Amino acid sequence: MVSFSLLCTTRFDPFLEKFDWNNAPDGSPSSYLLLNYQLDRFISSAHLNRWAVPDALDYSALKKICDGAVYKVNDGKSPCKVRVILTPSGDITASASPAEPLHYDPIARSQFNPDADAYTQSDPILLISVDTRPTLGTIPMKTTHRKPYDDARVRAGIPPLGTPRTPYHPDDVILFNTSGVIMETSICNVAFYREGRWFTPSLSVGCIPGVFRRWLLENGRIYETEEHSISLDTIKHNEWVLVFNGVMGCQLGRVCCDGGASQ
């Protein structure tokens, strides 16, 4: 049996305080990206596993834990990636590392229409490859069990997380299950543009219920596939793809189906 802890990976960035959609539950500006959604997922995932949840674990407590990790790295004025772990016994620890600053609204790219819009933004377009074999052994929640995702990155020739990308490697890799249905990428949820909308795979295919995925669904930016799954044979080389997670928000990419990378 695979042993694991629950994982929350979020962004601390004072730049986020200007966006009302990211406010804390009390309506005040928040420097953490969707931290209230992270808390909800922590608690619901712990209950699904029948784990102990500390009685005092609320938004303020989680923020305090994250603040402690951030202030060990900087003075609270610079962006950080914050990693919070909840163990089966209910223990919570956090660590932080410097992150590249954001220069745009993290939800903005979800409004891109590939059929009508010309891409004119300054942030780079990601190169997203497609895995060469099905991914097995994933857990349908955010955990420390990363081996299936790391294996997919190795197959795609992607350096380990935290390693600077070179021009000869993709930025991420799309995973699919044994039925040939698209799940997610190695670090993001994913959406494809179909019939005038962005569609993301259903949780039933085995993808992680990402916090940014939840926000985009609740706010009508993306739609979950229901009757028609996004299968591997429908993915086209160089088509647009929307990827999103709780650290970077939304970014746009292009699918690379031939195993190559941009030079």
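**Notebook: helix 1, its partners and some loop residues**

I began with Asn238, which is partly exposed, with a relative accessible area of 41%. The model I am reading is a predicted one. I placed Asn238 in the loop between strand 9 and strand 10. Its backbone caught my eye: phi of Asn238 is near 75 degrees, a positive value in a residue other than glycine. I noted the background rule that most residues other than glycine have a negative phi.

**Entry: another positive phi**

Which phi does Glu195 have, positive or negative? I read a positive phi of about 55 degrees for Glu195, although this residue is not a glycine. Glu195 sits in the loop between strand 7 and strand 8. Is Glu195 buried or exposed? I have it down as exposed, since its relative accessible area is 81% and the cut-off for exposed is over 50%. I then checked a glycine. Gly220 comes just after helix 4 and takes a positive phi of about 70 degrees.

**Entry: helix 1 against helix 4**

I turned to the helix pairs. Helix 1 covers residues 35–48 and helix 4 covers residues 211–218. I got an angle of about 115 degrees for their packing, and the axes are 9 Å apart. That angle makes helix 1 roughly perpendicular to helix 4; the range for that label is 65 to 115 degrees. The crossing of helix 1 past helix 4 is right-handed.

Which residues make this contact? From helix 1 I listed Tyr37, Gln38, Asp40 and Arg41. From helix 4 I listed Val211, Arg214, Trp215 and Glu218. Sorted by class, the contact of helix 1 with helix 4 has four charged, three nonpolar and one polar residue.

**Entry: the buried side of helix 4**

Which residues of helix 4 are buried? I wrote down Val211, Phe212, Arg213, Trp215 and Leu216. One of these buried residues is an arginine, Arg213. I also kept in mind that an α-helix has 3.6 residues a turn, so residues three or four places apart point the same way.

Next I asked what the buried residues of helix 4 pack against. Helix 1 is one of the partners. The strands I noted are strand 7 (189–194), strand 8 (197–200), strand 9 (223–224), strand 10 (240–245) and strand 11 (249–256).

**Entry: Gly210**

Gly210 lies in the loop between strand 8 and helix 4. Its relative accessibility is 10%, so I count Gly210 as buried; the cut-off is under 20%. What does Gly210 touch, leaving aside its neighbours within four places in sequence? I found contacts with Arg41 and Asn189. Arg41 is also among the helix 1 residues that meet helix 4. I checked Gln38 too. Gly210 and Gln38 are 172 residues apart in sequence, yet their C-alpha atoms are 8.8 Å apart.

**Entry: helix 1 against helix 2**

Helix 2 spans residues 59–70. I read a packing angle of about 105 degrees between helix 1 and helix 2, with axes 10 Å apart. Helix 1 and helix 2 are therefore roughly perpendicular to each other. On the helix 1 side the contact uses Leu35, Asn36, Leu39 and Phe42. On the helix 2 side I have Tyr59, Leu62, Lys63 and Cys66. By class, the contact of helix 1 with helix 2 has six nonpolar residues, one polar and one charged.

I looked at the loop between helix 1 and helix 2 as well, where Ala56 has its place. Ala56 is exposed, with a relative accessible area of 57%. Its C-alpha is 18 Å from that of Ala24, which is 32 residues away along the chain.

**Entry: cysteines**

How many disulfides are there? My search of the whole structure gave zero. I followed up on Cys66, which is in no disulfide: the nearest cysteine sulfur is that of Cys8, at 5.7 Å. The cut-off for a disulfide is within 2.5 Å. Cys66 is buried, with a relative accessible area of 0%.

Why is Cys207 without a bond to another cysteine? Its sulfur is 12 Å from the closest cysteine sulfur, in Cys188, and that is too far for a bond. Cys207 is also buried, with a relative accessible area of 1%.

**Entry: Asp26**

Last, I looked up Asp26. Asp26 is in the loop between strand 1 (6–12) and helix 1. I put Asp26 down as exposed, with a relative accessible area of 63%. Asp26 and Asp117 are 91 residues apart in sequence and 36 Å apart, C-alpha to C-alpha.

Notes. Residues are numbered from 1 along each chain as its sequence is written. This is a predicted model: local features need pLDDT of at least 70, side-chain atom pairs count only at pLDDT 80 or more; totals for chains, interfaces and linings use all residues. Side-chain values use heavy atoms; hydrogens and water are left out. Axes are lines fitted to C-alpha atoms, for helices over the stretch in contact, and angles run from 0 to 180 degrees between N-to-C directions. Helices (H or I, at least four residues) and strands (E, at least two) are DSSP runs, numbered from the N terminus. Angles under 35 degrees count as roughly parallel, over 145 as roughly antiparallel, 65 to 115 as roughly perpendicular and the rest as oblique. A crossing is left-handed if the near helix is turned anticlockwise from the far one by less than a right angle, and right-handed if clockwise. Contact means heavy atoms within 4.5 Å. Ala, Val, Leu, Ile, Met, Phe, Trp, Tyr, Cys and Pro count as nonpolar, Asp, Glu, Lys and Arg as charged, and the others, Gly among them, as polar. Buried means under 20% relative accessible area, exposed over 50%, partly exposed in between (1.4 Å probe, protein chains only).
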